[in-house]
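Let's take a friendly walk through the inside of this protein. Keep the viewer open as you read, so that you can click along.

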Amino acid sequence: MAIDKITSAGLTTSTNQPNFRNIIINGDMSIAQRSTSVSSITTSGYNTVDRFRTFITTLGTWTESQSTDVPTGQGFAKSLKIDCTTADASPAAGDRILIQQRIEGQNLQYLKKGTSSAESTTVSFWVKSAKTGTYIVELYDNDNSRQISNSYTISSANTWEKKTITYAGDTTGAFDNNSSTSLILQFWLASGTDYTSGTLSTSWSSVTNANRAVGQVNLGDSTSNEWYITGVQLEAGTSASDFEFLPVDVNLQRCQRYYLSYGGDNSYETYGFGMAYSGSEALVNIPFPVPMRSSPTVSTENLSSFYTRGGATAGGAPTGLVNDFSSTKVGNIALSGLSSMTDKSALRLYTNNSTATRLEFSAEL
């Protein structure tokens with residue numbers, strides 16, 4: 001029988017929750033465009049699993065990876081793992097390490113923060129570590145310098161455990177309605193006394209650093225320590241619903257709004273086409289699969305691997321590469337340092353060796 005009308009129930013999940021209820025992107029850790037493993041981490045940045053950033057201030061050395069160690073029977077295939085490789089048993093007062101996701105304000109307006117109708121939020125996740133004890137999860141309001149923290153306990157070493165934490169709504173300080181960072185979900189892993197010497201701030205308040213991570217264990221005190229997480233979900237309400245699994249193509253496109261890895265799968269790849277505008281300079285257009293959050297910066301693993309050719313003329317490897325003009329929908333790649341190009345000739349940009357090389361576009365928060 002034909003369906004002549006789609007009801008509102010048809011647009012919700014089996015748990016009667018709206019689709020895209022999870023504020024977190026890539027919470028199942030399934031997308032890792034940059035790498036599946038990065039070692040010798042001592043500074044902040046995005047390393048492996050998309051949308052999850054390591055924030056670190058002089059506290060040990062770490063290896064981060066996308067792991068296949070996951071809780072049994074929960075539907076997850078990947079987790080984020082961070083492993084201590086150089087210990088710091090006595091962090092300085094201002095030292096810390098966190099795993100965080102930064103969230104655009106325009107994705108948070110329905111939480112009604114800063115009004116009398118502010119929504120509570122609930123974060124749920126699966127976690128595993130060799131280091132038992134108390135850990136802190138923080139919501140940090142970047143627009144208004146406010147925060148709230150809560151603790152969870154890893155009770156059994158090397159055992160997957162599900163955690164659920166609810167935070168009251170905040171009636172003070174609305175999130176900006178824009179594409180900049182408004183809210184940061186932060187998983188503390190270790191901290192110096194600057195962040196642990198007060199009383200844990202379990203109610204929304206102006207930021208007092210001493211109250212943010214009180215009770216947090218030091219995951220960095222031994223090279224035997226590692227920490228895994230998957231199934232991260234942040235949603236409106238006072239209870240956790242089942243994790244919202246998205247199709248891989250949808251999940252990838254949501255990640256590509258912030259970071260796009262272009263090419264790098266095969267040798268001798270063609271990246272785009274364009275035109276020379278002098279004997280040594282050219283512009284190449286590379287359309288993005290989805291609009292990015294902002295006009296991105298462009299980088300590459302190995303600029304000397306790239307080559308240009310216009311007709312029968314080889315332009316050699318560029319010595320400079322920037323994203324020219326402001327666009328969220330297409331990369332306008334300006335190349336410099338070419339040789340023997342014919343002005344106004346069409347050309348293509350490709351790799352001229354057997355090593356796969358990526359172009360990377362970043363519009364990360």
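What follows is a short report on the nonpolar cores, one strand and the aromatic rings of this model, which is predicted.

**The cores**

A good place to start is the largest nonpolar core, which has 41 residues. Trp-62, Phe-125, Val-137, Tyr-152, Phe-187, Trp-227 and Val-232 have the most contacts inside it. Two or more residues each come from β5 (79-86), β6 (96-104), β7 (121-129), β8 (133-141), β9 (146-154), β10 (161-167), β11 (181-191) and β13 (226-236). Of these elements, β11 gives the most, with five residues. Apart from this core lies another one of 20 residues, including Ala-276, Val-284, Met-341 and Leu-347.

If you select Phe-187, you can see how it touches Ile-97, Leu-98, Ile-99, Phe-125, Ile-136, Val-137, Trp-227, Ile-229 and Val-232, leaving aside residues up to four places away in sequence.

**Strand β11 and its partners**

Strand β11 is mostly covered, with eleven of its eleven residues buried. It pairs with β6 in the antiparallel sense over nine bridges, and with β8, also antiparallel, over five bridges. Ile-184 of β11 is a handy landmark here: it is the bridge partner of Arg-102 and also of Tyr-140.

Tyr-140 is found in strand β8. Its relative accessible area is 16%, so Tyr-140 counts as buried, the cut-off being under 20%. Beyond its neighbours up to four places away in sequence, Tyr-140 touches Arg-146, Gln-147, Ser-182, Leu-183, Ile-184, Gln-186, Val-207 and Arg-212.

**Aromatic rings**

A search of the whole structure finds 13 aromatic pairs. Here are two of them:

| Pair | Arrangement | Centre to centre | Angle between planes |
|---|---|---|---|
| Tyr-135 and Tyr-152 | stacked | 5.5 Å | 15° |
| Phe-243 and Phe-245 | edge-to-face | 4.9 Å | 70° |

Tyr-135 lies in strand β8 and Tyr-152 in strand β9, so their pair ties together parts that are 17 residues apart in sequence. Both Tyr-135 and Tyr-152 are buried. In the other pair, Phe-243 counts as buried at 16% relative accessibility, whereas Phe-245 is partly exposed at 39%.

Ring pairs also link Phe-125, Tyr-135, Tyr-152, Phe-187 and Trp-227 into a cluster. Among these, Phe-125, Tyr-152, Phe-187 and Trp-227 are also listed with the most contacts inside the largest core.

Lastly, look for charges over rings. The charged end of Lys-113 sits over the ring of Trp-204, 5.0 Å from its centre, and Arg-348 lies over the face of Tyr-350, at 4.0 Å from the ring centre.

Methods. Residues numbered from 1 in each chain as written. Predicted model: local features only at pLDDT ≥ 70, side-chain atom pairs only at ≥ 80, totals over all residues. Heavy atoms only, no water. Core = buried A, V, L, I, M, F, W, Y, C linked by side-chain atoms within 4.5 Å. Buried < 20%, exposed > 50% of the residue type's maximum accessible area, 1.4 Å probe, protein only. Helix = DSSP H or I, 4+ residues; strand = E, 2+ residues; numbered from the N terminus. Contact = heavy atoms within 4.5 Å. Pairing = 2+ DSSP bridges. Phe/Tyr/Trp six-rings, centres within 6.5 Å; stacked < 30°, edge-to-face > 60°. Lys NZ or Arg CZ within 6 Å of the ring centre and 35° of its normal.
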